[in-house]
Amino acid sequence: MTLRNDATTRELVTWGLLNASRLGILLVLLMPLVVTSSTLFPFIVGKAIYARIMIEVTFGAWVVLVLVAPEHRPKRSWILIAFGVWLVASIIAGYAGVSLQRSLWSTYERMQGIVDLAHWAGFVLVAGSVFRSVNDWKWLLSINLGVSLFTSILGLGQNFDIFESNLIGTAARIESTLGNATYVGAYTMVNIFVALALIALSWRQSSSPTPAQDATPAATSRAARRRRRRASRPQSQTAQFDWIPFARAFWITAIVIELWTLWLTETRGALIGLGAGAVGFAAVYSIWGKIEQIKKASYVIMGLVIAVLLLFILARATSILDPVIERSTTLSRVATIGPNDESLKGRVTSITAGLKGYVEKPIFGWGPENYLIAWGKHFDAESGVRERFDQAHNKLVEELITKGAVGLITYLSIWAAIIWVFVRAVTRREEYEQAFVILVGAALGAFFVQNMFLFDSPVTVLQFAVLVSFFVAEEMRQHQTQLDQAAEHDRPQKSESPGFADKVTGLLASPAGGATIAVIVIVVIGVSIFYLNMKPFNAATAIVQINTPNTTWEQRFGFFEESIDEFPALANYPRLLLVSHVANNFGSLSPEEFSAGLALIEKEGAQGLAEEPENWRLHVALAHFYQVAAQADVSLLDKSKVHVEEADKLAPRTIEVNAIRDEQERLEGIVAGQ
């Protein structure tokens, strides 16, 4: 009786931890809806903090799960290994780069960095482990699609003035709750393929009586026995309810709305990615596809894409398409692609400057999130480009310059492992499941292509992590199938001595041991949430209060100090705001207020440069401040000169440095002439 009770308790604990882990992953998918109007960068900061907290809590539940229930431990996965190696390479690159602090934490504007990457590695590990079957992934991807559909509806509503909200971007191009049209484009692009994949999978359930093709042989036989038992029972009307038509209606509706939204974002990179994904699907299916109708459709898809591409190339030089193009801003943007396209010119110039920087640090690069430093050193304002680039707008170039050859190789190794798993799945899956896998692969391929024109954000990284997790789960399934087949044929298995996890499992068999592990996990998660998440959130909230009406300068300085002290690792952005805020309002400051501001700027400026010695933007801001403040004290020109000279070493041909250099010469000329 005691053994039975112990077994029942273990099953309940396992069930609870497994579903808690699954629920946590599903809650992360809600991140695109998070907007924090009380913080800096409301479309970025809140999303990143929310995702990190949910991942930490989920990871904690998963750790206890795999210790309690060995059967839920992840199987061997080359994708996971490659992801882990990439993370390690990023850490090494951060230490070898120009600012470890920026590499770890990035900025409030981006919220990327090594810490964020570590969280997404945890997400991939957990999601790939607890969502295993095709049916599991049908639900996860449907929820991901549902969130994407909701954000699209919000964006369309704002675009057509159906409703107004300060939580939705108000630009001419649809931004929804993501704050940037390019992010919306990438998000909708991925989920268009997801919806198509789910539709393909649904035909398996309506046309085939064997829905357990992704299971192991033992699980398949158990499923068969359950089906026979169900078949022998009287079927009620509720049990016969067919949900598939309603699900297909949802998926088809999602495709239409997502396509409409994608078109209105006018995001050319996402449109190119969509076309590349369609061609990729068609090419793969034409080679390995098992359903003749879909194979014929794949030929049509390739033909249509090629025809549209040729029409665009050949007719763009004539006036044939002009009337059509003029009626669509999206087509107008697409039609401008070429050597004279300002956006493309800026990206090419940025990449060229970055590659010159790569030559200086070819092995481990400048450090994650330090692209701006490499760009600034080699950018030339004579190019005519007016934009400042803190990201490469090309994922491969970003990896190469910030993490060096090691970083790029390890990043590409993830894709190599995914391709290997993808090919194995495509050649082994049956019919509609094969189409499902190919379409999910097309979504990931489309993401890769569009990322050649964009940089990562919390929402786009989420989509990348979801798709990678799918292939991690697929690889684990393949590995488990091999083990089951070996056992079925009585192949001798290599015996392994009990490892650390097995010993911990034994420890958790006692109530005291289980309670101890649970308490440790809860404490670690609590500390992490408070120090690594709530503190940066509070810091981002404090700085926004400087714009509160009727705020005195004493109060503003207090908010600046609060933000900086609350989370020093991200303090350089508040420091930049402090310097520019005082400089821009210099004329309204009393002598006492100016004196207090000067003291605070000198203190925080020195600290900021100590943490990021090659942050040329901070040198530029300080130089500009001292040049403005020289109106009250001409001796401050000596301090501005120091920062001008440092900025000139770090970013000699940028627009900002040219401006402060010219201003320094002008002011010194005035002083010399007096």
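Helices here are DSSP runs of H or I with at least four residues, numbered from the N terminus. The model is predicted.

**Exercise 1. Place Asn-550 and state what is unusual about its backbone.**

Step 1: locate the residue. Asn-550 is found in the loop between helix 20 and helix 21 (553-566).
Step 2: read phi. The angle is near 65°, a positive value in a residue other than glycine.
Step 3: check exposure. Exposed means over 50% relative accessible area. Asn-550 has 78%, so it is exposed.

**Exercise 2. Describe Met-111 by its phi, its place and its accessibility.**

Step 1: Met-111 has a positive phi of about 55°, although it is not a glycine.
Step 2: Its place is in the loop between helix 4 (100-105) and helix 5 (113-130).
Step 3: Buried means under 20% relative accessible area. Met-111 has 1%, so it is buried.

**Exercise 3. Classify the ring pair of Phe-160 and Trp-260, and find what the pair ties together.**

Step 1: start with the search. The whole structure holds 26 aromatic pairs.
Step 2: take the geometry of this pair. The ring centres of Phe-160 and Trp-260 are 5.5 Å apart, and the planes stand at 40°.
Step 3: apply the cut-offs. Planes under 30 degrees apart count as stacked, over 60 as edge-to-face and the rest as tilted. The pair of Phe-160 and Trp-260 is therefore tilted.
Step 4: locate both rings. Phe-160 lies in the loop between helix 6 (134-159) and helix 7 (181-207), and Trp-260 lies in helix 9 (residues 244-265), so the pair ties together parts that are 100 residues apart in sequence.
Step 5: check exposure. Phe-160 is partly exposed at 42% relative accessible area. Trp-260 is partly exposed too, at 44%.

**Exercise 4. Do the same for Phe-422 and Phe-471.**

Step 1: The centres are 6.1 Å apart, with 70° between the planes. The pair is edge-to-face.
Step 2: Phe-422 belongs to helix 16 (residues 395-428) and Phe-471 to helix 18 (residues 458-488), so parts 49 residues apart in sequence are tied together.
Step 3: Phe-422 and Phe-471 are both buried.

**Exercise 5. Find which residues the ring pairs link into a cluster, and which rings have a charged end of Arg over them.**

Step 1: The cluster consists of Phe-83, Trp-86, Tyr-411, Trp-415, Phe-447, Phe-448 and Phe-464.
Step 2: Over the ring of Phe-131 sits the charged end of Arg-22, 6.0 Å from the ring centre.
Step 3: Over the ring of Trp-203 sits the charged end of Arg-248, 3.7 Å from the ring centre.

**Exercise 6. Trace the surroundings of Asn-533 and Tyr-50.**

Step 1: Asn-533 lies in helix 20. With a relative accessible area of 0%, Asn-533 is buried.
Step 2: list its contacts, leaving aside neighbours within four places in sequence. They are Ile-49, Arg-52, Ile-53, Glu-56 and Ser-528.
Step 3: compare sequence and space. Asn-533 and Ile-53 are 480 residues apart in sequence, yet 7.0 Å apart in space, C-alpha to C-alpha.
Step 4: turn to Tyr-50, in helix 2 (residues 45-68). Tyr-50 is partly exposed at 21% relative accessibility.
Step 5: Tyr-50 and Asn-533 are 483 residues apart in sequence and 8.4 Å apart in space, C-alpha to C-alpha.
Step 6: Not counting residues up to four places away in sequence, Tyr-50 touches Leu-27, Val-28, Leu-30, Met-31 and Val-34.

Key
Residues numbered from 1 in each chain as written. Predicted model: local features only at pLDDT ≥ 70, side-chain atom pairs only at ≥ 80, totals over all residues. Heavy atoms only, no water. Phe/Tyr/Trp six-rings, centres within 6.5 Å; stacked < 30°, edge-to-face > 60°. Helix = DSSP H or I, 4+ residues; strand = E, 2+ residues; numbered from the N terminus. Buried < 20%, exposed > 50% of the residue type's maximum accessible area, 1.4 Å probe, protein only. Lys NZ or Arg CZ within 6 Å of the ring centre and 35° of its normal. Contact = heavy atoms within 4.5 Å.
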